[in-house]
Number of protein chains: 2
Amino acid sequence: MANYRCGVQVRLSNGVEWAAHAAILMAGLPDRHGIRAERLAVYLGVPPAYLAKQLQAMRRAGLVESSRGAQGGYRLSRSPSDISLWDITAAIEGPASIFRCTEVRQNGPCGLDARDCRTACGIAAAFRNAENTFRNELASVSLANLADQMLTDIKPDHIKYSLEWLHAESLPMPKAASEKTGD
Amino acid sequence: MANYRCGVQVRLSNGVEWAAHAAILMAGLPDRHGIRAERLAVYLGVPPAYLAKQLQAMRRAGLVESSRGAQGGYRLSRSPSDISLWDITAAIEGPASIFRCTEVRQNGPCGLDARDCRTACGIAAAFRNAENTFRNELASVSLANLADQMLTDIKPDHIKYSLEWLHAESLPMPKAASEKTGD
DNA sequence: TCAATTAGGATATTTATTATCCGAAATGAG
DNA sequence: CTCATTTCGGATAATAAATATCCTAATTGA
């Protein structure tokens, strides 16, 4: 009892996890092949309409390319070794930082004048620092790294089964809508 | 136009910022002196009832001591150099990690068996890693560091004014309720 | 021309955060 | 002892954000 929780939770949205898994799957497709959004959702067991949101966010960030219409689908727009976990996170979560300084030091009877608050207060600076290390750590992990690790972690026959499923769903994508510039 | 935002925001609650500011203020009180919660809220210009929540969370985490009743109040329970920004963050936000793995790899037609998921998947491991660096960075900043920096950043006459305000509000706290063990 | 598929937004639902309030317990002072 | 004061702990309301679904339009290959 007394299981009170005044403490607040801070989490990333699941969208980041889903987007990362989807990106790793696309890294496993044959060269220049894509896959339908709905098929990715089935493979991952997540709501199709919501995964589509994450795919659109990744497309706006330039991580994936899409083709509409029959035979349309998604594929990575860069090599898996050129896409980091930070790229995915930033695409889904946006550029906002974890800590938001509300300039408390300007409040109250002893509040500072805004002119004296050009430089960040120590608290904000420390959090900015910590966030940079967080970001750099994620930036050092690529989709290629993650795919490699997955191949060593999972049993060979399961890998074979999964790749067969994926490749059977893959679609040739000679050109992508996001790539075309009116030529 | 087209200022859509499908991207999601991730932030810490303001409680962390307020708690940190409150803790720095308490570090500026005379030795063995405390201050009423309501006075802290006035100084910081934040809602008293909500700051009280953060103070209670810090008390449960052992960072501050409180005394009830007339002449009651809060004071730090350790030296400012022994309390880190991570201590504050953990006290307010709780132990939950930023990234939450929902074991997507166990979903769908090619889902792994739970028995094969003893070790964390690469994505979860990478986030755990990044969070560790984030935490360590915050752990390296103490209240004493922050207070020192504040003293160098702020103009001397403003420091004087603020300390006078604080010291006028300070209360002697020979013993703290959280400290007493029934002796 | 038609069927299939993504794009973009509207919108509902659920969850988390922010904020306030009140009774109970504790304490120092008179 | 009694009383005014103040924190404690929880209940609960209000606001904001994340999660999820659906629909119409645009695009494309067959």
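Author: A residue is called buried under 20% relative accessible area, exposed over 50% and partly exposed in between (1.4 Å probe, protein chains only). This is a predicted model, in which local features need pLDDT of at least 70, side-chain atom pairs count only at pLDDT 80 or more, and totals for chains, interfaces and linings use all residues. Residues are numbered from 1 along each chain as its sequence is written, chains are lettered from A and ligands numbered from 1 in the order in which they are written, and side-chain values use heavy atoms, without hydrogens and water.

Reader: How many aromatic pairs are there over all chains?

Author: Rings of Phe, Tyr and Trp (its six-membered ring) pair if their centres lie within 6.5 Å, and planes under 30 degrees apart count as stacked, over 60 as edge-to-face and the rest as tilted. By this rule, the count over all chains is seven.

Reader: Which form does the pair of A:Trp18 and A:Tyr50 take, and how many residues apart in sequence are the parts that it ties together?

Author: With 5.5 Å from centre to centre and 90° between the planes, the pair of A:Trp18 and A:Tyr50 is edge-to-face. Because A:Trp18 lies in helix H1 (residues 14-27) and A:Tyr50 in helix H3 of chain A, where helices are DSSP runs (H or I, at least four residues) numbered from the N terminus, the parts tied together are apart in sequence by a number of residues that is 32.

Reader: Is B:Phe99 buried or exposed, and what is the relative accessible area of B:Phe127?

Author: The ring centres of B:Phe99 and B:Phe127 lie 4.2 Å apart with planes at 5°, so this pair is stacked. B:Phe99, at a relative accessible area of 6%, is buried. B:Phe127 is buried too, with a relative accessible area of 0%.

Notes:
Helices (H or I, at least four residues) and strands (E, at least two) are DSSP runs, numbered from the N terminus.
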